[in-house]
Amino acid sequence: DGSASTVSMQLTAPNAWASFNNAYNNTPLKGAIDDYTGTVNPTGITFSDLNANFPNGYKAIVYLSGFNGNTGASISDGATTYYYQTDGDPASNFTGFLTQTTDTTDDGSYVVAQYAVFGSDDTPATADSVTFTLNTLAGGGSGLAAVQLVAIPEPATLTLVGLSLLAFALRRK
């Protein structure tokens, strides 16, 4: 909502920041923390003091990127791991619409995706601290581009929104 928070962030970036394909210009996917196969220390980001700022829980949208040659990577919060690969030709294929990975099976056939979601409106994440760890599994480097933490509204807020929509529909009728 634009107000200051007490959430703290710690970045683990053993490799440099990378700038990816120009098809990602003006998107959160253009630059990212880079991870390669064989990176000794994990590439990741940790957020702490989340419960004070998200009393009803949250969902985290993790934006993923990588080099054209990336053919497999994973992003994990320690409980759930999602698998993806970078688009092999984003200059031709990227339409401006991002694709979510929901693939939790490491079967070697990684879906092309640009984001993963941890938590939901129905099942919010509630951990006070969370670490998102990126792991390149095959091909060129993968990238952790951004993380968006979204508050889950209070049940009373949802009720008010529902009543407002109902009143609007009745008035329109």
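Start by selecting Ser 76: the residue is buried, with a relative accessible area of 13%. (Buried means under 20% relative accessible area, exposed means over 50%, and partly exposed is in between, using a 1.4 Å probe and protein chains only.) Ser 76 is found in strand β6, which covers residues 70–76. Helices here are DSSP runs of H or I with at least four residues, strands are runs of E with at least two, and both are numbered from the N terminus.

Before you click on, some ground rules. You're looking at a predicted model, where local features need pLDDT of at least 70 and side-chain atom pairs count only at pLDDT 80 or more, while totals for chains, interfaces and linings use all residues. Residues are numbered from 1 along each chain as its sequence is written, and side-chain values use heavy atoms, leaving out hydrogens and water.

**Around Ser 76**

Show the side chain of Ser 76 and follow it to the backbone nitrogen of Gly 78, which it reaches at 3.0 Å. Now look for the backbone oxygen of Thr 80, 3.2 Å from a polar atom of that same Ser 76 side chain. Both are polar contacts, meaning a pair of N or O atoms within 3.5 Å; within protein, one must be able to donate a hydrogen and the other to accept it, and residues adjacent in sequence count only if both atoms are side-chain atoms. Leaving aside neighbours within four places in sequence, Ser 76 is in contact with Thr 81, Phe 118, Thr 131, Phe 132 and Thr 133. Contact means heavy atoms within 4.5 Å.

**The other end of β6**

Next, select Asn 70, also in strand β6. At 1% relative accessibility, Asn 70 counts as buried. What does its side chain find? A polar atom of the Asn 70 side chain lies 3.0 Å from the backbone oxygen of Gly 140 and 3.4 Å from the backbone oxygen of Ala 138. Widen the selection to its contacts beyond four places in sequence, and you'll pick up Tyr 84, Gln 85 and Thr 86, plus a group including Gly 139, Gly 141 and Ser 142. Try a distance label too: the C-alpha atoms of Asn 70 and Gly 143 are 9.7 Å apart, though 73 residues separate them along the chain.

**Over to β4**

Jump to Thr 43, in strand β4 (residues 43–48). Thr 43 is buried at 1% relative accessible area, and its side chain makes a polar contact of 2.8 Å with the side chain of Asp 35. Among the residues Thr 43 touches, not counting those up to four places away, are Thr 12, Pro 14, Ile 33 and Phe 132.

Now colour the whole of β4: 5 of its 6 residues are buried. β4 has two partners to select, with pairing meaning that DSSP finds at least two bridges between the strands. Strand β1 (residues 8–12) pairs with β4 in the antiparallel sense over 5 bridges; to see the match-up, find Leu 11 opposite Ile 45. Strand β9 (residues 130–139) also pairs with β4 in the antiparallel sense over 5 bridges, and there Phe 47 stands opposite Val 130.

Step just past the strand to Asp 49, in the loop between β4 and α1 (50–53). Asp 49 is partly exposed, at 28% relative accessibility. Its phi is near 65°, a positive value in a residue other than glycine.

**Into the core**

Select Val 62, Leu 64, Ile 75, Phe 118, Phe 132 and Leu 144: of the 21 residues in the largest nonpolar core, these touch the most other members. A nonpolar core is a set of buried Ala, Val, Leu, Ile, Met, Phe, Trp, Tyr and Cys residues joined through side-chain atoms within 4.5 Å. Strand β5 (58–66) is among the elements that give two or more residues to this core, and β5 gives the most, with 4. A second, separate core has 11 residues, including Phe 20, Tyr 24, Phe 94 and Tyr 115.

**Zooming out**

Show the full chain as a cartoon and you have 3 helices and 10 strands. Of its 173 residues, 35% count as buried. Finally, colour by pLDDT, the predictor's confidence in each residue from 0 to 100. The mean is 84, and 87% of residues reach 70 or more. Residues 156–160 stay under 50, with 1 contact beyond four places in sequence; residues 167–172 also stay under 50, with 0 such contacts.
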